[in-house]
Amino acid sequence: MTRISVCAVTGREILAGKSDGMRDFPKFLDTVEQTPSGDTVVLDWDGIEIATASYFGATLVALLRMAMAGELDRYFIVTNLNKTCLDELKLVLEFQGLVVLMGDWKGGHVRNVRILGTLESPYVTTLEAVQKLVCASATELHQGKHGGAVIGKTGWINRLSNLHRLRLIRKERVGREYKFHALS
């Protein structure tokens, strides 16, 4: 897990507009690409007074889309967003139909991880089950009857694969099956 200070990357406290986002995106990308492949990148927004929806669209959303497309093997968690920045980020995520994990950075770790954006309830239930277990396979979830739902193994595989595609959980091949890990 690597923490990146957005304030340090940009050198600014006010991040407004698409043009500013396009100016700063190469800085974000360069900094993220310096982290190990498969790493969880914590984008820490502490010290940022305002970041607009259009700025988020040109920076964070672009990184999320690259990760989802397989062009950037990283997972993202955002931390320390003030209320204004949080409202702006929610706006762009809901408009674009995307999700990202948000948490609290304390003592070198991310705590209280939650979903930011819109995620259908079956996926929320699956994500919560993986977070509770820290690591799980579709077989383990199927046998454990998590979420109170009776769902087949293929259903669990589909849910887990979609959460991985959204970069909300990590996937690792273990023997003949995949294990899925919570990011924090």
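This is a short tour of the structure, one selection at a time.

**The whole chain**

Start with everything shown as a cartoon. The model is predicted. It holds eight helices and ten strands. The C-alpha atoms fill a box of roughly 50 × 30 × 30 Å along the principal axes. A compact globule of 184 residues would have a radius of gyration near 16 Å, and the protein has 17 Å, so the two agree. Colour by burial next: buried residues make up 45% of the 184. Contacts reach far along the chain too. Of those with a separation of 6 or more, 67% join residues 24 or more positions apart.

**The five-stranded sheet**

Select β1, β3, β5, β6 and β7. These five strands form an open sheet in the order β1-β3-β5-β6-β7, with mixed pairing. β1 (2–5) and β7 (109–117) are the edge strands; each has a single partner, so one side of each lacks a neighbour in the sheet. Look along the sheet for its twist, which averages 35° from one strand to the next.

Now pick β5, residues 75–79. How many of its five residues are buried? Five of the five are, so to speak, under cover: β5 is mostly covered. In a regular strand the side chains alternate between the two faces of the sheet. Show the side chains of β5 and check each face. Tyr75, Ile77 and Thr79 lie on one side, Phe76 and Val78 on the other, and all are buried.

Bring in the neighbours of β5. On one pairing, five bridges join β3 to β5, and the two strands run parallel. Find Asp44, which stands opposite Thr79 in β5. β5 also runs parallel to β6, joined by three bridges. Thr79 appears again here: its bridge partner in β6 is Gly103.

Move on to β6, residues 99–106. It pairs with β7 over seven bridges, in the antiparallel sense. Select Met102 and look across to β7, where Arg114 stands opposite.

**Helix α4, across the sheet**

Select residues 60–68. This is α4, which lies across β3 (40–44), β5 and β6. Its direction is about 155° to β5. Which residues of α4 are buried? They are Leu60, Val61, Leu63, Leu64, Met66 and Ala67. An α-helix has 3.6 residues a turn, so residues three or four places apart point the same way. Show what surrounds these side chains. The buried residues of α4 pack against α2, β3, α3 (53–58), β5, α5 (83–96) and β6. Then step past the helix to Gly70, which follows α4 and has a positive phi, near 85°.

**Helix α2, with a kink**

Select residues 18–33. At 1.5 Å a residue, the 16 residues of α2 should span 22 Å, and the end C-alpha atoms are 22 Å apart, which agrees. Where is the kink in α2? Zoom in on Asp24: a kink of about 40° lies there, shortly before the proline Pro26. Asp24 is also buried. The other buried residues of α2 are Gly21, Phe25, Phe28, Leu29 and Val32.

**The three-stranded sheet**

Select β8, β9 and β10. They form an open sheet in the order β8-β10-β9, with antiparallel pairing. β8 (135–136) and β9 (169–174) stand at the edges with a single partner strand each, so one side of each is without a neighbour in the sheet.

Focus on β9 and β10 (177–182), which pair over six antiparallel bridges. Two rungs are easy stops. Ile169 has Ala182 in β10 as its bridge partner. Glu172 stands opposite Lys179 in β10. Follow the chain round the turn: β9 and β10 form a hairpin with two residues between them. Gly175, in that turn, has a positive phi of about 65°.

**Two helices on this sheet**

Add residues 121–133. This is α6, which lies across β8, β9 and β10 and runs at about 85° to β10. Finish with residues 153–165. This is α8, lying across β9 and β10 at about 120° to β9.

Terms used:
Residues are numbered from 1 along each chain as its sequence is written. This is a predicted model: local features need pLDDT of at least 70, side-chain atom pairs count only at pLDDT 80 or more; totals for chains, interfaces and linings use all residues. Side-chain values use heavy atoms; hydrogens and water are left out. Helices (H or I, at least four residues) and strands (E, at least two) are DSSP runs, numbered from the N terminus. The expected span of a helix is 1.5 Å times one less than its number of residues. The bend at a residue is the angle between axes fitted to the seven residues ending there and the seven starting there. Buried means under 20% relative accessible area, exposed over 50%, partly exposed in between (1.4 Å probe, protein chains only). Two strands pair if DSSP finds at least two bridges between them. Contact means heavy atoms within 4.5 Å. Axes are lines fitted to C-alpha atoms, for helices over the stretch in contact, and angles run from 0 to 180 degrees between N-to-C directions. The radius of gyration is taken over C-alpha atoms; the globule rule is 2.2 Å times the number of residues to the power 0.38.
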